[in-house]
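This report describes the architecture of a single protein chain. The sequence and structure are shown first, and the description follows.

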Amino acid sequence: MRLHRRTTTALLAVGVLTLGLAACGSGGKDSTDPGKPDDGQITVYSGRNEQLVKPLLEKFTEQTGITVRPRYASTAQLAAQLVEEGDKSPADVFFAQDAGALGTVAKRGMFSTLPEATMAKVPQTYRAGSGQWVGVSARARVLAYNPDLVPADQLPKSVFDLTGPQWKGKVALAPTNASFQAFVTAIRVQHGDAKAEEFLAGLKANDPQIRDGNVKIVEDVNSGTVPVGLVNHYYLGEVAKEQGSTPDGLKVKLHFFPGGDTGALVNVAGVGVLNRSASDPDVQKFVDFLLGTEAQTYFAEQTFEYPVVAGVHGPAYVPPLAELAVPEIDLNDLDTLDATVTMIKNSGLVP
């Protein structure tokens, strides 16, 4: 059975996801022990999949001698866990899959302010204005399309066009996926709840093709089962790798919505340092490592994400990050997942 390296966030309220997490850590030693500054070990709450980031954490240990004690779960689960634990949390670092979860923890006053030199490595769009978290890799929302079914000159100018009659039955969605939920949250932030509800209702009325994940969407667009689908850009790289091909070798192509459209949202995975670990040099070394050339290259070549530090090239099959026309949205504001989940449920896109 194929193992996908990306995890999805189920449509559940964040607050109910904390049960049992205190015992779900991994990494050998007791990850409930907070440790001490500069003791050669750090505890990382990782909302990024273990299969995805374990090699990176191992590289950090090899280079620095600092032991990483990871606790793996979904980003939503770990954000809820941190909020529940408060200042008693053993975590030193929260390594989150998306900016909304980082914003949730930051707004509780749980993160320390990162050094200016650290923040300056990353464009302002992809870090907290408060200095309380920093992005380490980025992913763009795109429309995957099959050019045999939808010529390039017929692609929509806006994601909101997908509710039009010409797209009835032709659009694949994964409404239980965390990236779709973040995208809907971005609509709420940029245009208000009424616009988001109208958009979801329009999608529902247009007979969308529901899938359980973005990989399946890209595969079905590639095979011609469905003409287009809303996904993150990196899934093209993943599917190509799984099929022993290259992105250029597949039929499916990517359409980046122009003009700062909400459909072109760029979200980030990132890190925040808990207050208790603000002065721990081991923790700062970890943050610096994630923003270093080796880790940034890993994100580009192994996970097909955009690096966020200048001087490291992104995947060859997508435009450079700096050239994307992204919507003007503060990623900190993507922190109201519970309201978005309720809205998606009420739309009928999820039974």
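The account below moves from the overall fold to the strands, a helix, selected loop residues and a pocket.

## Overall fold

The model is predicted. Its secondary structure comes to 11 helices and 10 strands. Of the 351 residues of the protein, 58% count as buried. Among contacts with a separation of 6 or more, 77% are between residues 24 or more positions apart.

## Strands 1 and 2

Strand 1 (residues 41-46) and strand 2 run parallel and are joined by 6 bridges. Within this pairing, Y45 stands opposite R71 of strand 2. Together with helix 1 (residues 50-64), strand 1 and strand 2 make a β-α-β unit, and this unit is right-handed. Strand 2 (residues 67-72) is largely enclosed by the rest of the structure, because 5 of its 6 residues are buried.

## Strand 4 and its partners

Strand 4 (residues 134-145) is mostly covered, with 12 of its 12 residues buried. Its pairings with strand 9, strand 10, strand 7 and strand 8 are set out in the table, each with one pair of facing residues.

| Partner of strand 4 | Sense | Bridges | Facing residues |
|---|---|---|---|
| Strand 9 (residues 266-273) | antiparallel | 6 bridges | V134 and V271 |
| Strand 10 (residues 306-307) | antiparallel | 2 bridges | S137 and P307 |
| Strand 7 (residues 228-232) | antiparallel | 5 bridges | L143 and L230 |
| Strand 8 (residues 253-255) | antiparallel | 3 bridges | Y145 and K253 |

As general background to such pairings, side chains in a regular strand alternate between the two faces of the sheet.

## Helix 3 and its surroundings

How many residues of helix 3 (residues 99-106) are buried? The number is 7 of 8, so the helix is largely enclosed by the rest of the structure. The buried residues are A99, G100, A101, L102, G103, V105 and A106. They pack against helix 2 (75-85), strand 3 (93-96) and strand 9. Strand 9 is also joined to strand 4 by 6 bridges.

F111 belongs to the loop between helix 3 and helix 4 (116-119). With a relative accessible area of 2%, F111 is buried. Leaving aside residues up to four places away in sequence, F111 touches F94, L102, V105, A106, Q132, G272, V273, L274 and N275. Of these contacts, L102, V105 and A106 are among the buried residues of helix 3. F111 and W133 are 22 residues apart in sequence, and their C-alpha atoms are 7.5 Å apart.

## Other loop residues

Is D87, in the loop between helix 2 and strand 3, buried or exposed? D87 counts as exposed, because its relative accessibility is 74% and the cut-off for that class is over 50%. D87 and L274 are 187 residues apart in sequence, yet 8.6 Å apart in space from C-alpha to C-alpha. L274 also appears among the residues that F111 touches.

Two further loop residues have a positive phi. D207 lies in the loop between helix 6 (193-205) and strand 6 (209-210). Its phi is near 55 degrees, a positive value in a residue other than glycine. D207 is partly exposed, with a relative accessible area of 43%.

F304 is placed in the loop between helix 10 (293-302) and strand 10. Phi of F304 is near 65 degrees, again a positive value in a residue other than glycine. Why does F304 count as buried? Its relative accessibility is 13%, and buried means under 20%.

## The second largest pocket

Rolling a probe the size of a water molecule over the atoms shows where empty space is left. The second largest pocket has a volume of about 310 Å³. It is lined by 17 residues, and P307, V312, P320, L321 and A322 lie nearest its centre. By class, the lining divides into 15 nonpolar residues, 1 polar residue and 1 charged residue. P307 links this pocket to the strand pairings described above, as P307 in strand 10 stands opposite S137.

Key. Residues are numbered from 1 along each chain as its sequence is written. This is a predicted model: local features need pLDDT of at least 70, side-chain atom pairs count only at pLDDT 80 or more; totals for chains, interfaces and linings use all residues. Side-chain values use heavy atoms; hydrogens and water are left out. On a 1 Å grid over the protein atoms alone, a cavity is a set of points where a 1.4 Å probe fits but cannot get out, and a pocket is an open set with protein on both sides within 12 Å along at least five of seven lines; lining residues have an atom within 4 Å of a point. Grid points are joined across faces, edges and corners, and a volume is the space filled by probe spheres set on the points. Ala, Val, Leu, Ile, Met, Phe, Trp, Tyr, Cys and Pro count as nonpolar, Asp, Glu, Lys and Arg as charged, and the others, Gly among them, as polar. Buried means under 20% relative accessible area, exposed over 50%, partly exposed in between (1.4 Å probe, protein chains only). Helices (H or I, at least four residues) and strands (E, at least two) are DSSP runs, numbered from the N terminus. Two strands pair if DSSP finds at least two bridges between them. A crossover is right-handed if, with the strands pointing away from the viewer, the path from the first strand over the helix to the second runs clockwise. Contact means heavy atoms within 4.5 Å.
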